[in-house]
Each structure stands twice: as structure tokens, then as C-alpha cells.
Amino acid sequence: PAQLEKYSELGYSNDAMVGQAGAELAFEQYLHGTDGQVRITTSSDGTVLSKEYTKEPQPGNNVYLTIDLAIQEATERALNSGIEKIIAKQEEAKLEAIADGTYKEIDDEITGAAAVVVKVKTGEPLAIASWPTYDLSTLMENYGEISTAPNDPLYNRALMGEYAPGSTFKPCTSIAALTEKTISTGTAIKCEGVYDEFIDQGYAPQCWIWGSNHITHGSLNVSWALCHSCNYFFYSVGRYLGVDAMGKYAALFGLGEPTGIELYENVGNMSKIANHYQYAGKDWTIGDTLQAAIGQSDSMFTPLQLAEYCATIANNGQRHSASILKEVRSFDYSNKLLHRTDEVISSIDTDQSNWDAVHEGMRLVATDVNGSAFSAFRSYDASTVACKTGTAQKGETVTNDGIFMCYAPFEDPEIAVAVVVQRGGAGANCAPIAREILETYFNIKTATGDTETEGTLLH
């Protein structure tokens, strides 16, 4: 009933079938045909004597999406198998801790995950996967069971899930600081383990390596700080950069901003003083600025935003729309009515040397022995991958979220991938999922030259 007025004004009949969600709703204007008219002659008892079409109906048009079926299937498969491996790894660690008497009760159930693959040069999504999922072919008959299933399979975490980015935000902090000249590519900051500049205020956050091993990273420039994910370095940078500058560049990267996709999405939130009380229930402090610099505080982004952000890094600051519409053809395929054109919706103007420093730091994450993704890409040609892991803290009694993003090939990027696993433990645990997606993409490309599209004759 709420839709009746809207569609009546568009000339729809009151019993018309219309899209209610997803692509069917987004592209209703293309998919809906034109009703015909028929004059029916009946006898007094209702028997139809004749039918005369006074206006021929016209079927709706054919809408083509940017989603690549082969990549979508591979992404869903990699996400599912990767989660199974993380669960097995966590269970093994739990048993070991129980055996040696060090186990502490913690909520480690993986409740959801998502993976998104986008084309670097156009921003178009090739795959959008959410977990847990369901069988679309039996959705209607099993809707009651699916709608009440644990962890809500109908919730599209790739577009609507909002997650703290953790250390995957550090490339944004880096570009912001380099562009605003808070630091240069040659600036070296010595990691002291504990950042005690505000200890008189009762705040002294630790670098992760100090908390884990009571050692420090030593002196690092921005590239090596990204490789080692040194919190101390980014606390120092964030202090002088300020959260407003971080927010300016986060918006240009599309973090906390609409992506341009036609499907329903949440836009998340970049940490800011203006709405901090709404999220935290307390006033902003310098500690929030430091935490924002490493992807914590109130920052919450979707996996689609993270994928587009990674693609923007690979594009040297050029961010494209994430429109999922590829083209529209007439119902009989005779006419191409619309074809997707690339749309740049923001760009970051900074020296190429700044991009080079960030790219190199992300490459080192996969190639350097101390890089957090080194083990995942050890048997892969890691020099062709640039990536960043993130571990979003959830509190002492809840396992951390794992976040991972990457682009490849390094020299001439084609695709960017983002993976989020709720309570996945660490970003490094998500790296094998992205690696499997990369392998499938490049294997398909090598075998066929390009992935097949609907309507293409296969020989």
C-alpha cells in the first residue's frame, strides 16, 4: 500500500509486480516493461468470444551487472573455506591453552564475514560476498527458516556491516600526514614501546610489539612503519596531524562516505569530535585522536568501502564510483540503451613520492619476513601484491575482528580485495582468503584472456 501512490503516478497497474530489494529494486525503471491493452468480448454468461490487442505489451529490458560470475563463485568459496580454517585454528589454540593451563574464557564465535573484489581502474565490483549465506534457489520455500537462522544470513555484511578498520587505516593516516607535511618520506620515528607523551593525563598506549614481546621496532620511516604496523609511529603522527585532517583524507578515500553503488548500503562513520559523544558517551580526548590514527576510536567502515579505499590507494588517489550497473539492452537485445562509464568521485592530490612510499610499505607487508602477511604469501609471488592487515580490538572478553585488504599486480594494479571476519582473531588470518581470490582471478585471466560475460559465444 505504501508504494501504490508512487507506482500509480508512473503508470503502473495496481497488481503490477515490482522489485522489492537489491538489483530488482535499484533497476526497476529498466526491468519493468510496458503494459499492453486488450479488448475482450464476452457473452452474457461470461464466455470469451474474442480478444483484440489494441496496444501490444513490451517486455522489460535486460540489465547487466558488473559482477563476474566466476569471481563471485570463487570469492564465496574462498570465504567459506577460509572461515572453516580460522575456526579450526582457533579451536587448536584453545585446546593447547587448556592443556598448558593458560586458557581464559573468551567469546570467539565467528558471527559473520564478507569479501569484496573491485576493479582498480574503474571501481566496479566484481564480487560481493557475505557470510553466513543461503541457497537463493530455495529462498522462498525456506524463507521462514532462513529469516530466523543464527547470525542473520539475510544481512548483507559486505554492504551494511560496519567494522573498525584497525591497521588497514594506517595508509590513510600516512597519506594525510605526508600531504599535510606532518612528516616526509624520510622522517624516522623511534619506537619506544610505550607512548608516554600524555602519561601525566593517565594515558600511555603501547605499541602492539611491546605488549606482545616487550621489545620495540626501533627507528622507522613511513614505509617500514606500514610494514611493521608500528602503533607508536602512528600515535606520534596522529598527535600532530589531528583527527580533522584524518577525516578530510578518509572522506577523499571514500571511508564513511557513499560508494556510488545502487544497492542499499550503510555509510559507516569516520571518527570525529562532532559525534563522538553519540558513540562513546563521553567527551573527546587526545587518546581518541591517537586511536583514530590506528583505525580505532569510533571509525566504522563497510567491506565495500575498504575495497574501494584499497583501489584508490592503488590508483594514486583516484576514487571511482562503485556502480554495479554495467549496461542495459533492449528486451530483444537489438539496442544497447545504456553502458557504464567510469566516474571519478574524488581524488587526492599529493606528490608521487608519497604514493610510492605507501605502496612500498604495503608491498613489504607481504614480502618482508616481518610483514604480517608474509606467511600467507610465502609460496606466492608476493612481490606482485601490496596489502595491509588490520586487527580491530573488541575488548578483553571478545576475540578481535580480522581485516585484510590488498591489490595486485603491484606494478600495474587490476583488482583490489577486502576481507573482514568478525572475531577472526587477526588480519593475518584473513590473508589466505584474499590470496585464494587472487589466484582464481589471475588463473582465469591466464586461461581465457578475460572472464566470460553473459551473452558471449564460447568456442
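**Notebook: cores, salt bridges, a patch and a helix**

I began with the inside: the largest nonpolar core has 78 residues, and those with the most contacts within it are Phe 233, Phe 253 and Tyr 407. Helix α14, residues 303-314, gives the most to this core, with eight residues. A reminder to myself: this is a predicted model.

Next I picked Phe 253 and looked up its contacts. Leaving out residues up to four places away in sequence, Phe 253 touches Cys 172, Ile 175, Tyr 309, Thr 312, Ile 313, Arg 319, Ile 348 and Trp 355. Apart from the core of Phe 253 lies another one, of 38 residues. I noted some of its members, among them Ala 366, Val 385, Cys 387 and Ala 434.

**Salt bridges**

How many salt bridges are there? The count comes to 13. I went through some of them.

Arg 423 and Asp 107 meet through their side chains, at 2.9 Å from N to O. This pair links distant parts of the chain, 316 residues apart. Arg 423 sits in the loop between β14 (415-421) and α16 (427-448), while Asp 107 sits in the loop between α4 (69-99) and β4 (113-119). Is each partner buried or partly exposed? Arg 423 has a relative accessible area of 19% and is buried, because the cut-off for buried is under 20%. Asp 107, at 32%, counts as partly exposed.

Then I checked Arg 239 and Glu 197, whose side chains form a salt bridge at 3.1 Å, N to O. Arg 239 belongs to helix α10 (residues 231-241), and Glu 197 to the loop between β6 (189-191) and α8 (208-213). In sequence they are 42 residues apart. Arg 239 is partly exposed at 27% relative accessibility, and Glu 197 is partly exposed at 42%.

My next pair was Lys 445 and Glu 414, with 2.4 Å from N to O. Lys 445 lies in helix α16 and Glu 414 in the loop between β13 (401-408) and β14, so their salt bridge ties together parts 31 residues apart in sequence. I also looked up the accessibility of Lys 445: it is 31%, which counts as partly exposed.

One more entry on charges: Glu 327, Arg 329 and Lys 336 are linked in a network of salt bridges.

**A patch on the surface**

Turning to the outside, I found a nonpolar patch made of Val 38, Ile 40, Val 48 and Tyr 53. Together these residues have about 370 Å² of accessible area. Which elements give two or more residues to the patch? They are β1 (37-42) and β2 (48-55). I looked at Val 48 in particular, and it is found in strand β2. Its relative accessibility is 45%, so Val 48 counts as partly exposed.

**Helix α13**

Last, I looked up helix α13, residues 286-293. Why call this helix largely enclosed by the rest of the structure? Seven of its eight residues are buried, so the description fits. I wrote down the buried ones: Gly 287, Asp 288, Thr 289, Leu 290, Gln 291, Ala 292 and Ala 293. What do they pack against? The buried residues of α13 pack against α7 (170-179), α10, α11 (243-252) and α12 (276-280). I had met α10 already, as the helix that holds Arg 239. Just after α13 I noticed Gly 295, which takes a positive phi of about 85°.

Conventions:
Residues are numbered from 1 along each chain as its sequence is written. This is a predicted model: local features need pLDDT of at least 70, side-chain atom pairs count only at pLDDT 80 or more; totals for chains, interfaces and linings use all residues. Side-chain values use heavy atoms; hydrogens and water are left out. A nonpolar core is a set of buried Ala, Val, Leu, Ile, Met, Phe, Trp, Tyr and Cys residues joined through side-chain atoms within 4.5 Å. Buried means under 20% relative accessible area, exposed over 50%, partly exposed in between (1.4 Å probe, protein chains only). Helices (H or I, at least four residues) and strands (E, at least two) are DSSP runs, numbered from the N terminus. Contact means heavy atoms within 4.5 Å. A salt bridge is a side-chain nitrogen of Lys or Arg within 4 Å of a carboxyl oxygen of Asp or Glu. Patches are made of residues with over 30% relative accessible area and no salt bridge: like charges are joined within 9 Å, nonpolar side chains (Val, Leu, Ile, Met, Phe, Trp, Tyr) within 5 Å. Accessible areas come from the Shrake-Rupley method with a 1.4 Å probe; for residues, only the protein chains shown count as cover.
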